[in-house]
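Here is a short briefing on charged side-chain pairs. The sequence and structure come first, then the notes.

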Amino acid sequence: MPSSIPSPAFAYAEFRQLVSTLAAERRTSGPDQNPAYVRFTDQNQAHLDRAYAEPLLPELVATLANLPRPEQWLVLGEAWCGDTAHTLPVLAHLADVSAGRVRLHVLLRSDHPALMAAHQTNGGNSIPKLIRRDAATGADLGDWGPRPAEAQTLAHQLHADKSLHTNQIVKTMNAWYEADNGQAVQRELLALLS
């Protein structure tokens, strides 16, 4: 009996469609319909498309195909979150090439406050958050997120500089993700799984 997936949950293609629909309707996910979040939701569509195509590490693909037990990957995110838009497609692509060993489900943080509270980062509801579970038992196998260590350091530096506008921070973070090409998250996952 496979363990149950918290509801509501989305397959990656369904999440991608949700973001597209929200952007067309000039809305975003979650209760906060801040105009900046609506704008980020629209901008994130390009990141979602680009990041899925990033090159995968062959050793990580091999590790996933040979996992000792099938896993469920629950990813807490939101349509407006830039870190989610850069990282989630890489995770979805890895699940797609895992020879059936990984099933990925996207959960909106706003729909799952208790799950988010159980997987906080330094006391905060930071996303995206990958929660790895044994597919058979539902036992937690660990988590990862909200961003690679190098990006986390950069984000702390940017947010500490009170002269920077949010748009400058977002542009700098986007540039980091584009230059990294999905490699840092994959190296960290490989270390977690090895």
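This is a predicted model. A search of the whole structure turns up seven salt bridges. Three of them are covered below, including one between R147 and D83.

**R27 and E25**
- R27 pairs with E25 in a salt bridge, and their closest N and O atoms sit 2.7 Å apart.
- R27 has 39% relative accessibility and counts as partly exposed.
- E25 has 44% relative accessibility and also falls in the partly exposed class.
- Neither value is under 20% or over 50%, so both residues take the in-between label.

**R50 and E54**
- The R50 side chain meets that of E54 in a salt bridge, at 2.6 Å from N to O.
- R50 is partly exposed, with 26% relative accessibility.
- E54 is buried, with 4% relative accessibility.
- The cut-off for buried is under 20%, so E54 meets it and R50 does not.

**R147 and D83**
- A salt bridge joins R147 to D83, with 2.8 Å between the closest N and O atoms.
- R147 lies in the loop between β4 (140-144) and α6 (149-160), while D83 belongs to helix α4 (residues 82-96).
- The two residues are 64 apart in sequence, so their pairing ties together separate parts of the chain.
- Both partners, R147 and D83, are buried.

Conventions: Residues are numbered from 1 along each chain as its sequence is written. This is a predicted model: local features need pLDDT of at least 70, side-chain atom pairs count only at pLDDT 80 or more; totals for chains, interfaces and linings use all residues. Side-chain values use heavy atoms; hydrogens and water are left out. A salt bridge is a side-chain nitrogen of Lys or Arg within 4 Å of a carboxyl oxygen of Asp or Glu. Buried means under 20% relative accessible area, exposed over 50%, partly exposed in between (1.4 Å probe, protein chains only). Helices (H or I, at least four residues) and strands (E, at least two) are DSSP runs, numbered from the N terminus.
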